Amino acid sequence: MEKKQNGFASGLGFILAAAGSAVGLGNLWGFPYKTHANGGAAFVLVYVACVLFIGIVTMLCEIYIGRRAKANPVTAFKFASSKIGWFGVLAVIIPGFISCYYAVLGGYTVRFTVNSFGTNAGSFVSFAEKEWLVILFTAVFIGTALLVVMGGVKDGIEKSSKVLMPALFIILVGTVIFSLSLGEGVSEGLAFYMKPDFSKLSGSGILAAMGQAFYSLSLGMGAMVAYGSYTGKEVNLLKSTAMICLCDTGVALLAGFAIFPAVYHYTATTGLEAGSFQGVGLMFQTLPLVFEDLGFIGKVIQFFFFFMVSIAAVTSVISLFEVVSQFFIQKFRIRRKKVVMAVAVVAVLISVPIGISLGQVLGGKENAIVIFGQNLLDLFDIITNTVLMPVCAFFSCITVGWIIGPKKFSREMEQDGQKLGLFSSLFSVMVKFVTPLLILAIEIFGVYDLVFPVVDSARSFSANGLGITLSAYGLLALGTVIYFVFLKNSDTGTNEDETRAEK
Ligand code: PHE
């Protein structure tokens, strides 16, 4: 009789779940606003190049590291070499941090969905300031993710992804069709999005494209290591990686087709500026104005749009919870339900100050909770995405390129029945040199930009930027110490241990 396996039941299930992790706020909101901030089409081209040259290689590494060990990231890196188990700690810490602020934004999307037929237009700041409401919606959002992750990989994550991802895709395509049919202004929107003007793309734009590619693909945060660990030999890693990257990039590109024509239509027909196109403003300020202007049909589209964004956000936060839960389930052999519950409670508690701080800063309150000049949401975001995520992605590449080695990688892939052929030598060069060097560049320039930001078109030192950088590296150091004191010589568990814990 076949042993009860703790993992994805099918290759398609894995692809959809991993695509669910990848497709998130980063695609539907981050990508369009960053494209806008960095001049349009040229940014898009650089972004796609980053996915092709850095994203695919790194994702393959992460899934492979997880799958060969069939275990949480800490054990998985240990399995690659007993010297590098500490790489894995970062891959558990980062998702823990991201999930708390991601959930606050997830809560916003739920509230905007629920409120679609009411007044989303212009209500952003007043909502953000209502602390209890923000906490409530964040908790609802986290609760939904909790229920899914509690169900386990096969019956929770995989099953829900199989329904939610196709739904997301259908709604997105519908939104694109609607947006393209708006008439006036649409062609200007398309031109902005599709005609590259490289003079508008700066060095920091290129950097933003690289960082965005990582974030969007859920790389450097343990998610792909964890999901990869649940795949069996029958799953073709190369094809799956290609499919996941294709889905993720496809959704990001489609999001641009949904948003730019609509916003340009709004400005063309009303003569009004669409409002803030920056950061949180695009999704929660600009788009509701655009929808509002379209009357009842606009409200219907708005409902589906925010519903889709909520789906995207929830399937992403699920993967973050899974990474953290997987580690604790396996390390301490505790039942999944208990661990997930604890993770969710902690996430809600930490998200409270984050939500409050963001609301205070958006509302322009004096004495708002800020650290190093940032509201807590941006602070967490910068620490994880600008500073730590490239480090973690770098570790993944180095592990496959230099510690396991591309030869062994190819051999193991072939043992699993996957012929790599020509790809093998290309991969070898990429994983050893090209990709890690590019990631290093992202890290160095990212930190440089933080410590010496451009103010009034000149670079000047920022003590806050330095503070953030040092805190992030401090966290890395703390994780490493924890590893060497508590985890190095102890059994950190594998996927098998979950099956045992449940008995
Ligand atoms: N990739 C997700 C997005 O695009 C964010 C995310 C990062 C989710 C890391 C999980 C892990 O929004």
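Which element gives the largest share of the lining of the largest cavity? Helix α14 does, with three residues. Keep α14 in mind, as I will come back to it.

Before going on: this is a predicted model. Every value I quote is computed from it.

Let me stay with the cavities. The count comes to two of 30 Å³ or more. The largest cavity has a volume of about 130 Å³. It is lined by 15 residues, and the closest to its centre are S21, Y102, Y215, S218 and S316. Several helices take part. Those that give two or more residues are α1 (11–22), α2 (25–37), α5, α10 (203–216) and α14. What about the classes? The lining of the largest cavity has seven nonpolar residues, eight polar ones and no charged ones.

Now the second largest cavity. It holds about 80 Å³ of space. Its lining is made up of T175, F178, S179, A258, I259, A262, L287, V290, F291, L294, I301 and F305. Here the elements giving two or more residues are α8 (152–180), α12 (237–270), α13 (279–293) and, once again, α14. By class, this lining divides into 10 nonpolar and two polar residues, with no charged ones.

On to the pockets. How much space lies in the largest pocket? About 1500 Å³. There are 45 lining residues, and Y33, K34, D381, I382 and T386 are the closest to the centre of this pocket. Which helix gives the most to this lining? Helix α16, residues 376–404, with eight residues. The classes are mixed: 24 nonpolar, 17 polar and four charged residues line the largest pocket.

The second largest pocket has about 570 Å³ of space. Of its 24 lining residues, V92, I93, G96, V324 and F328 are the closest to the centre. Four elements give two or more residues to the lining: α5 (85–114), α14 (295–332), α15 (336–362) and α19 (463–487). Look at the classes here. The lining of the second largest pocket has 21 nonpolar residues, two polar and one charged.

Two of those helices, α14 and α15, also pack against each other. How do they meet? Their axes are 9 Å apart, and the angle between them is about 130 degrees. Angles over 145 degrees would count as roughly antiparallel, and 65 to 115 as roughly perpendicular. The pair fits neither range, so α14 and α15 are oblique to each other. The crossing of α14 past α15 is right-handed.

Which residues make the contact? From α14 come F321, E322, V324, S325, F328 and I329. From α15 come R336, V339, V340, V343 and A347. Sorted by class, that contact has eight nonpolar residues, one polar and two charged. Two names in it should sound familiar. V324 and F328 are in this contact, and both are among the residues closest to the centre of the second largest pocket.

So, back to α14. This helix lines the largest cavity, the second largest cavity and the second largest pocket. It also packs against α15. If you open the structure after this, residues 295–332 are where to find α14.

Definitions and conventions. Residues are numbered from 1 along each chain as its sequence is written. This is a predicted model: local features need pLDDT of at least 70, side-chain atom pairs count only at pLDDT 80 or more; totals for chains, interfaces and linings use all residues. Side-chain values use heavy atoms; hydrogens and water are left out. On a 1 Å grid over the protein atoms alone, a cavity is a set of points where a 1.4 Å probe fits but cannot get out, and a pocket is an open set with protein on both sides within 12 Å along at least five of seven lines; lining residues have an atom within 4 Å of a point. Grid points are joined across faces, edges and corners, and a volume is the space filled by probe spheres set on the points. Ala, Val, Leu, Ile, Met, Phe, Trp, Tyr, Cys and Pro count as nonpolar, Asp, Glu, Lys and Arg as charged, and the others, Gly among them, as polar. Axes are lines fitted to C-alpha atoms, for helices over the stretch in contact, and angles run from 0 to 180 degrees between N-to-C directions. Angles under 35 degrees count as roughly parallel, over 145 as roughly antiparallel, 65 to 115 as roughly perpendicular and the rest as oblique. A crossing is left-handed if the near helix is turned anticlockwise from the far one by less than a right angle, and right-handed if clockwise. Contact means heavy atoms within 4.5 Å.
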